[in-house]
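Ready for a few exercises? Grab a pencil, take a look at the structure below, and try each task before you read its solution.

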There are 2 protein chains.
Amino acid sequence: MSSTEGSTDWAEKLADDRAAVGRSSTAQRVAEILRDRITEGLLPPGTKLSEDAIGAALGVSRNTLREAFRLLLHERLATHELSRGVYVRVLDANDVADVYRVRRLLETAALRNARSAPPRVRDKLEMAVVEGEKAAAEGRWRDVGTANMHLHQAIAGLSMSPRIEEFMRQLLAELRLAFHVMNDPKTFHAPYLTWHRRLIEPILAGDMDAAERMLHEYLDVAERQLLDAFSRLQPPRKQAYRPVSL
Amino acid sequence: MSSTEGSTDWAEKLADDRAAVGRSSTAQRVAEILRDRITEGLLPPGTKLSEDAIGAALGVSRNTLREAFRLLLHERLATHELSRGVYVRVLDANDVADVYRVRRLLETAALRNARSAPPRVRDKLEMAVVEGEKAAAEGRWRDVGTANMHLHQAIAGLSMSPRIEEFMRQLLAELRLAFHVMNDPKTFHAPYLTWHRRLIEPILAGDMDAAERMLHEYLDVAERQLLDAFSRLQPPRKQAYRPVSL
DNA sequence: GCATATTTGTCCGTATGTATA
DNA sequence: CTATACATACGGACAAATATG
């Protein structure tokens with residue numbers, strides 16, 4: 001284990017990296033749990049995240065829990081009202097429209113850089129599409145939604161900019177809050193499987209003009225579908241607190 | 001004060017708004033103080049932000065201070081290493097390059113939307129330029145830098161997207177960390193005053209092609225200047241802790 | 001409109017774990 | 001390897017704000 005030189009030094013570094021990334025504070029672990037519960041819909045938008053209730057449920061102190069809340073607030077998955085507490089974020093139609101406005105901007109810009117992206121980055125497109133098709137074949141429709149996000153994350157990755165990738169990650173996580181207005185995940189996600197195939201084909205073939213047209217179409221359809229769903233159910237603005245077991 | 005109706009109802013709302021925005025937690029106020037100290041260079045990049053030392057200096061508890069740190073971490077003004085603490089962010093050349101990559105993308109996209117932006121939004125361009133010229137005339141060179149950021153914030157505002165404005169705010173705050181490598185603020189900021197005039201002229205005239213060309217030139221020059229300064233002084237990576245009075 | 005109960009905001013003290021000299 | 005300094009996490013306390021009857 002001591003510093004033997006030669007072909008084994010990489011092993012040491014890898015072990016160090018693993019140790020480094022594996023380490024996470026309890027606040028981060030708590031935030032991860034809450035993030036999962038939010039995205040899977042157990043904690044729907046508008047739900048109050050009570051310090052007392054959740055702290056007791058997860059067995060962490062209030063101070064630690066508040067640190068976890070901060071993380072979710074940064075990710076825009078929750079909102080904070082002074083002296084009133086933290087709530088699962090409620091997106092309105094304006095939010096959805098703005099997210100798609102930015103997605104158009106970032107994703108098309110990333111696309112225009114696709115030729116300069118190394119193969120390793122472009123491969124992720126295909127991987128995400130396959131991931132979605134596999135999940136659909138096995139009926140895991142929520143995972144189809146996850147694969148959808150991975151595809152668009154991969155498109156953003158074509159920009160080769162860490163900050164754009166990070167920004168896109170935030171946007172997609174935020175958008176996931178809006179997916180909850182779609183009651184049936186299958187009829188919501190299924191149509192996108194063919195869209196995705198048609199989308200990455202021109203990208204990988206290098207026909208960027210076609211790809212950009214396709215992407216615009218795609219985003220227009222997706223946005224309209226979400227906004228239609230929003231307009232159908234306006235009322236549920238302020239959600240009451242509903243005790244849940246975590 | 002009770003709900004008198006008629007022409008005074010707006011007064012009530014305004015008072016409520018003022019109360020709402022005026023309210024800020026001590027964590028937010030602490031974060032603001034630290035943000036100022038960082039951007040003005042009193043806490044240079046690499047400085048360790050000790051919980052004990054700063055908490056004592058500002059007279060707040062560690063819990064509150066940690067909440068303030070979270071805010072700075074979110075703004076990328078600080079970095080966090082588990083069990084090692086929080087440090088003022090150190091930008092490297094890659095960071096600078098990435099910030100300019102994203103700026104090109106966002107600012108040109110915002111520019112293309114300038115025609116659709118309402119006059120109230122476009123007016124902010126002129127206001128920012130005037131602000132810079134006024135500060136320069138009075139020798140307040142740090143304020144010239146602030147006005148510079150306001151101009152580019154205004155350009156991002158042309159996109160009419162809250163998320164893009166927010167993203168740009170982050171980018172510019174981050175970039176300000178890099179400004180510290182320029183030793184003399186006057187010779188650094190002064191040349192941009194004329195650039196700014198030449199930049200907003202075509203925008204306000206509606207000649208967006210010319211504006212976009214000008215913006216590209218501008219960003220290229222600014223990026224090169226910063227990167228040159230970086231390459232000249234590589235060494236100072238890990239900065240030692242230096243006690244300061246806040 | 002008032003009084004009460006609940007919840008959040010802030011601070012403290014301490015015990016434990018981790019990194020570095 | 002030990003010692004020291006520091007961050008992490010916990011639980012308790014109290015004031016202030018908010019919600020409830």
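What follows is a set of exercises on a predicted model, each with a worked solution.

**Exercise 1. The small sheet of chain B**

Task: Work out the order of the strands in the open sheet of chain B, and find which strands stand at the edges.

Solution:
- Start with S2 (residues 78-81) and S3 (residues 85-88) of chain B: four bridges join them, and they run antiparallel.
- Look at one pair in detail: His80(B) has Val86(B) in S3(B) as its bridge partner.
- Now check the link between these two strands. S2(B) and S3(B) form a hairpin with three residues between them. Ser83(B), in the turn, has a positive phi of about 65 degrees.
- Next, add S1(B), which is joined to S3(B) by two bridges, again antiparallel. Here Leu49(B) stands opposite Val86(B).
- Put it together: the three strands have the order S1-S3-S2. Strand S1 (48-49) and S2 of chain B each have a single partner strand, so they stand at the edges, and one side of each is left without a neighbour in the sheet.

**Exercise 2. Two helices of chain B**

Task: For H8(B), compare the reach with the expected span, then find what its buried residues pack against.

Solution:
- H8(B) has 17 residues and reaches 25 Å from its first C-alpha to its last, close to the 24 Å expected at 1.5 Å a residue.
- Its buried residues include Arg163(B), Ile164(B), Phe167(B), Met168(B) and Leu171(B).
- Some of their packing partners belong to the other chain: helix H5 (93-112) and helix H8 (162-179) of chain A. Within chain B, the partners are helix H2 (26-39), H5, helix H7 (141-157) and helix H10 (208-232).

Task: Now do H9(B). Where is its kink centred?

Solution:
- Helix H9 (residues 185-205) of chain B has 21 residues and reaches 31 Å, close to the 30 Å expected.
- The kink is about 25 degrees and is centred on Thr194(B).
- The buried residues of H9(B) are His189(B), Tyr192(B), His196(B), Leu199(B), Ile200(B) and Ile203(B). The cover over them includes H5, helix H6 (119-137), H7 and H10 of chain B.
- After the helix comes Gly206(B), with a positive phi near 90 degrees.

**Exercise 3. Where the chains touch**

Task: Describe the side of chain B that touches chain A.

Solution:
- Begin with the count: 18 residues of chain B are in contact with 17 residues of chain A.
- Then find the elements of chain B that give two or more residues to this side: helix H4 (62-74), helix H5 (93-112) and helix H8 (162-178).
- Finally, sort the residues by class, which gives seven nonpolar, four polar and seven charged.

**Exercise 4. Two DNA strands**

Task: Which residues come nearest to DNA strand D, and which to DNA strand C?

Solution:
- Around DNA strand D there are 17 residues, of which Ser25(A), Thr26(A), Thr64(A), Ser83(A) and Gly85(B) come nearest. Helix H2 (26-39) and helix H4 (62-74) of chain A, with helix H3 (51-58) of chain B, each give two or more residues to this surface.
- By class, that surface has three nonpolar, nine polar and five charged residues.
- For DNA strand C, the nearest of 17 residues are Glu51(A), Gly85(A), Ser25(B), Ser61(B) and Thr64(B). Here helix H3 (51-58) of chain A and H2 and H4 of chain B each supply at least two residues.
- The surface near DNA strand C divides into three nonpolar, eleven polar and three charged residues.

Notes: Residues are numbered from 1 along each chain as its sequence is written. Chains are lettered from A and ligands numbered from 1 in the order in which they are written. This is a predicted model: local features need pLDDT of at least 70, side-chain atom pairs count only at pLDDT 80 or more; totals for chains, interfaces and linings use all residues. A residue is near a molecule or strand if its C-beta atom, placed from the backbone, lies within 6 Å of it. Ala, Val, Leu, Ile, Met, Phe, Trp, Tyr, Cys and Pro count as nonpolar, Asp, Glu, Lys and Arg as charged, and the others, Gly among them, as polar. Two residues are in contact if their C-beta atoms, placed from the backbone, lie within 7 Å. Two strands pair if DSSP finds at least two bridges between them. The expected span of a helix is 1.5 Å times one less than its number of residues. A residue is buried if 20 or more other C-beta atoms lie within 10 Å of its own, exposed if 12 or fewer, and partly exposed in between; C-beta atoms are placed from the backbone. The bend at a residue is the angle between axes fitted to the seven residues ending there and the seven starting there.
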